[in-house]
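Q: I'm new to this structure and would love a close look at one part of it. Could you walk me through the second largest pocket and what lies around it?

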Amino acid sequence: MHICSTDIDNLDKLTRVNLINSLSGFKSANLIGTADKRGQENLSIVSSVFHIGANPPLIGMIIRPHSVPRHTLENIIETGVYTINHVHNEIIEQAHQTSARYDKHISEFDAVGLQAQYKGSCKAPFVLQSKLKIAVKLMSTQTIELNQTELVIGQITDIYLEDDLAYCDDGFVDLERLNTVTLSGLDRYHSTSALARLSYAKCDKPLSHVAVSPKLKAQKEP
């Protein structure tokens, strides 16, 4: 099969959206927790979260054009903080339901049956049921001129892991242990199966397999 640019242009909107969203491969599934200054909570699933850099620890995401109310984006800009919460296999349907267009006065937490949780000094709500939670401080928002989508860049301030054994001795996080799921397209969710973890690639050294080893302190009995 060959699909050329003319074919893409002639597709109906939904077919084109499904096609193009599938092409980038498997994506992360995260719930973005926010609240406005009055405490009205919002929760939205986002599949565009991505790593930007480790020092400082920056993470980015893309939000659709702000041509209509975007409660997540508006709350982030208003308060400067938000949370990123991994979706796992037990909360897929609740997470997906947050993509519905609820009115601003309705909390998606209440609407879909998830529970808001506040931790530390973060003013934005976490998802209690999530097994990996990240607190983020807004650093930058930029409008992408090509399609008017919004690039949101934040700095990670706090990380909460439900299972200590998912944190490995070299800092690697074993997402499979947390049952974190992934997305393809807009609506298909997948579990994962690890194939290999490989050593840092060098020109003069063959690759080797790296063991996934939990931190020793996490292996101790309480």
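A: In this predicted model, the second largest pocket has 39 lining residues, and those nearest its centre are H86, L132, F172, V173 and L175. Its volume comes to about 970 Å³. Sorted by class, the lining holds 24 nonpolar residues, 11 polar ones and 4 charged ones.

Several strands take part in this lining. Strand 1 (27–28), strand 4 (50–54), strand 5, strand 6 (81–86), strand 9 (132–143) and strand 10 (150–161) each contribute at least two residues.

Let's follow strand 6 a little further, since N85 is found in it. Is N85 buried or exposed? N85 counts as buried because its relative accessible area is 0%, and the cut-off for buried is under 20%. Its side chain makes a polar contact of 2.9 Å with the side chain of T83. Leaving aside residues up to four places away in sequence, N85 touches A29, N30, L31, G33, P125, F126, V127, S130, L132 and K133. One name in that list, L132, is also among the residues nearest the centre of the second largest pocket.

Next, have a look at the loops beside the strands of this lining. Between strand 4 and strand 5 there is a loop that holds P56, and the peptide bond leading from N55 to P56 is cis, with omega near 0°. The loop between strand 9 and strand 10 is the place of Q148. Although Q148 is not a glycine, it has a positive phi of about 70°. Q148 counts as partly exposed because its relative accessibility is 42%. Another residue of this kind is N179, in the loop between strand 10 and strand 11 (182–184). N179 is not a glycine either, yet its phi is positive, at about 60°. With a relative accessibility of 31%, N179 also counts as partly exposed.

Some of these strands also meet helix 3. The buried residues of helix 3 are H71, T72, L73, N75 and I76. What covers them includes strand 2 (30–35), strand 3, strand 5, strand 6, strand 9 and strand 10. Just after helix 3 comes G80, with a positive phi of about 80°.

Helix 3 leads us to the other pocket to set beside ours. The largest pocket has a volume of about 1400 Å³. It is lined by 33 residues, and I45, R64, R70, R101 and L186 are the closest to its centre. Two or more lining residues come from each of helix 2 (13–23), strand 3 (41–46), strand 5 (57–63) and helix 3 (71–79). Strand 3 gives the most, with 5 residues. By class, this lining has 15 nonpolar, 12 polar and 6 charged residues.

So where do the two pockets connect in this tour? Strand 5 supplies at least two residues to the lining of the second largest pocket, and strand 5 also gives two or more to the lining of the largest pocket. If you are finding your way around the model, strand 5 is a handy place to start: trace back from there to P56 in the loop between strand 4 and strand 5, then move on to N85 in strand 6.

Terms used:
Residues numbered from 1 in each chain as written. Heavy atoms only, no water. 1 Å grid on protein atoms, 1.4 Å probe; cavity = no way out; pocket = protein on both sides within 12 Å on 5 of 7 lines; lining within 4 Å. Points joined across faces, edges and corners; volume = space filled by probe spheres on them. Helix = DSSP H or I, 4+ residues; strand = E, 2+ residues; numbered from the N terminus. Nonpolar A, V, L, I, M, F, W, Y, C, P; charged D, E, K, R; others polar. Buried < 20%, exposed > 50% of the residue type's maximum accessible area, 1.4 Å probe, protein only. Contact = heavy atoms within 4.5 Å. Polar contact = N/O pair within 3.5 Å; in protein donor to acceptor, adjacent residues only side chain to side chain.
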